[in-house]
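User: I would like to go through this model and ask how each label is earned. Please keep the answers short.

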Amino acid sequence: MKTVAEFTIPYLQRLDEHGTATSALPDFAADPEQLQAMYRLMTLCRIFDTKAINLQRTGQLGTYAPCTGHEATHVGVGAAMRSEDVLFPVYREYGTQIWRGVTLAEIFTYWAGDERGSDFAGPREDFPLCVPIGSQMPQAAGAAMAFHIRKQPRCAVGFIGDGGTSQGAFYEAMNLAGAHALPIVFVIVNNGWAISLPVDKQTGAATLAQKGIAAGIPGLQVDGNDVIAVREVMESALERARNGQGPTVIEALTYRLSDHTTADDASRYRAAEDLAAAWKLEPLLRLRHYLAGLGHWDEAREKALRADCATQVDAAVKIYQGTPKPSTDAMFDHLFATLPADTQAQREAARRYAQPDTH
Amino acid sequence: MPKITLVEAINMAQGWELAHDPDVVLLGEDIGVNGGVFRATAGLQQRFGKLRVQDTPLAEGMIAGMAVGMAAQGMKPVAEIQFMGFLYPAIDQIANHMARLRNRTRGRLTCPVVIRMPHGGGIHAPEHHSESLEVLLCHHAGLRVVCPSSPARAYGLLLAAIRDPDPVIFLEPTRLYRIAKQEVEDDGRALPLDACHTLREGDDVTVVSWGAMTHDTMRAAELLAREKISCEVIDLTSLSPIDHDGILASLSQTGRLVIVHEAARNCGLGAEIAATVAERALYDLHAPIRRVTGYDTVMPYFRLENDYIPSVARIADGIRETVQA
């Protein structure tokens, strides 16, 4: 037998968990302002997350999917994208969304049970959060097909979790993208856990990046807690896609430091020592150490940043909590461009039975 | 006898059947170590092992498809779909294969499968976690669809579903999972499938409902009793096949019919019940049939879900108008 094809899965890390550069950094990292901007948003995400969990615990927010631990992956992807690209998130990629102009108040509004949180004032073409696992991926490939047909230099970016890579829709989307060399990047956020199922029970594959290989798409791994490496591989993948060289599969290795959602209790299925070990690799501290080592960050700036983030989050809380419950018409008004006559009668009837706002 | 919730009854029935039938295997996402997101399988993997209570990869179509393959080998898979909104990828396997395998092979291969899933809203859940999609399943010949409304009925019907030689979809009313406790004996006794149940006897009007809506319907009936309106409340229980004879027997006494369901009105199960009554008992009717249902909208995210789900006031108004018509 002869070998007819061989494949490799490269792995990239730039900053280790201590904030030490393990290899030559990309050009953008020479500009401290760029790194500080990413650090600021990662910190905002962490503070937003803590607040959202507290609001849920005190009955002021619905079930919420935290992002703690994923900040470098989310922010690194956002920082690499252009505004004209289109994002297809799962349901915890707040760092990417906020970078692209989604507001904290919109994210709160969504998790407070109100679809108005998906009517983004900023990125009008970005898709809303996607709860049915994996179903966003063929849609992302479809957007990429539209860019391809219209010869637009734009890219679709589809996020998916490690669990989502078991869904047929994920393979179908990659197959289409590979067949047509579509301008799309598949970002697999491998945080180790699909609710309670660890990734080694999810798949027998050594990496999730290799799932792209069968679709003719190069796959690579990146340290998902290293925002510099994430942004670097993402920028290369987007450049490839924009240049007509086709899709890329990026597997970002990170860890879900929170419960799956506020409705979950990870202590039922996850060892405390594994979680403690994962905290040592978390993404914020390494970037802070790196910046501090170069004299581009210090305690005073950290304190000021945290205060500013808290102020931003509190302002967003005020906005969503001050937003009155939608009227019953909201159930009907966006079903169609023109509501059918029979349903118009139901809209009238619904007003008579409007329930009080209990939130 | 212990007093248990509906979700505990579901757990107990699965435990009984795992202990008494070696062919029974539970499948689903997060059902093993985690015990299910609603705890419907809590403790069962510890008792019966990782092969008989399996945490599957995250793929609903795969879960339904593997259940078909296992069942055709004579096993009795009991699969959980975590939320009804995640059912759609499994519909291909359920409709094209599970429901049809007996027919396609002239009885050579069969599918004694149970697919369990939460049904309906009212618990402030995220998007896609609160759907009432029973008609998607009822429309397919070859499937039974049942929906219990109490712990005792959940226990007995789930045992019957697992023992049935054909596929049974088992819809679990989400907002009833923990709402009330009832004494349920863990005696392995199944209840009959295919039958409706009378929850309250009355003379003026027959009110048919199922799942969580039976509780709101009963509250409306209590309210109306004070106005001297006597409601006969029927828990449909078996959504496919429908026990039309049971409904018609009640209707022959009351002459009035109201159907209450949480799912959207358009092509809802209420239409099927109303059409059958029109075909078989039109001349028994003293008033037009009325449906009180969810609106023909998307199930709204939770801030509006209680505006969508028929309220006790809406149900009571529907019954009043029917009685006064």
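User: What makes A:Gly219 a partner of β8(A), and which residue stands opposite?

Analyst: This is a predicted model. In it, A:Gly219 stands opposite A:Val249 of β8(A). Two strands count as paired with at least two bridges between them. β7(A) and β8(A) have 5 bridges and run parallel. So they pair, by the cut-off of at least two bridges.

User: Why is the crossover from β7(A) to β8(A) called right-handed?

Analyst: The chain leaves β7(A), passes through α8(A) and arrives at β8(A). The term applies because, with the strands pointing away from the viewer, a right-handed path over the helix runs clockwise. The crossover here is assigned as right-handed. Helix α8 (residues 227-242) of chain A lies across β1, β4, β7 and β8 of chain A. Its direction is at about 170° to β8(A).

User: How do you know that β7(A) is enclosed?

Analyst: A residue is buried if 20 or more other C-beta atoms lie within 10 Å of its own. In β7(A), 5 of the 5 residues are buried, so the strand is largely enclosed by the rest of the structure. Both faces are covered. A:Gly219, A:Gln221 and A:Asp223 are buried on one side, A:Leu220 and A:Val222 on the other.

User: What joins β1(A) to β7(A)?

Analyst: 2 bridges, with the strands running parallel. The cut-off is at least two, so this counts as a pair. A:Leu12 stands opposite A:Val222.

User: Why are β1 and β2 of chain A called edge strands?

Analyst: The open sheet has 6 strands in the order β1-β7-β8-β4-β3-β2 (chain A), with parallel pairing. β1 (11-12) and β2 (86-88) each have a single partner strand, so one side of each has no neighbour in the sheet. Further in, β4(A) and β8(A) are joined by 6 bridges and run parallel. There, A:Val185 stands opposite A:Thr248.

User: In chain B, what makes β14(B) largely enclosed?

Analyst: 4 of the 5 residues of β14 (residues 290-294) are buried, so the rest of the structure largely encloses the strand. β14(B) pairs with β13(B) in the parallel sense over 5 bridges. B:Ile259 has B:Arg291 as its bridge partner. With helix α10 (residues 269-281) of chain B, β13(B) and β14(B) make a right-handed β-α-β unit.

User: How many residues does each chain bring to the contact?

Analyst: Chain A gives 37 residues and chain B gives 32 residues. On the chain A side, the largest share, 3 residues, comes from α12(A). By class, that side has 16 nonpolar, 16 polar and 5 charged residues.

Technical notes
Residues numbered from 1 in each chain as written. Chains lettered and ligands numbered in written order. Predicted model: local features only at pLDDT ≥ 70, side-chain atom pairs only at ≥ 80, totals over all residues. Contact = placed C-beta atoms within 7 Å. Nonpolar A, V, L, I, M, F, W, Y, C, P; charged D, E, K, R; others polar. Axes fitted to C-alpha atoms, helices over the stretch in contact; angles between N-to-C directions. Buried ≥ 20, exposed ≤ 12 C-beta atoms within 10 Å, placed from the backbone.
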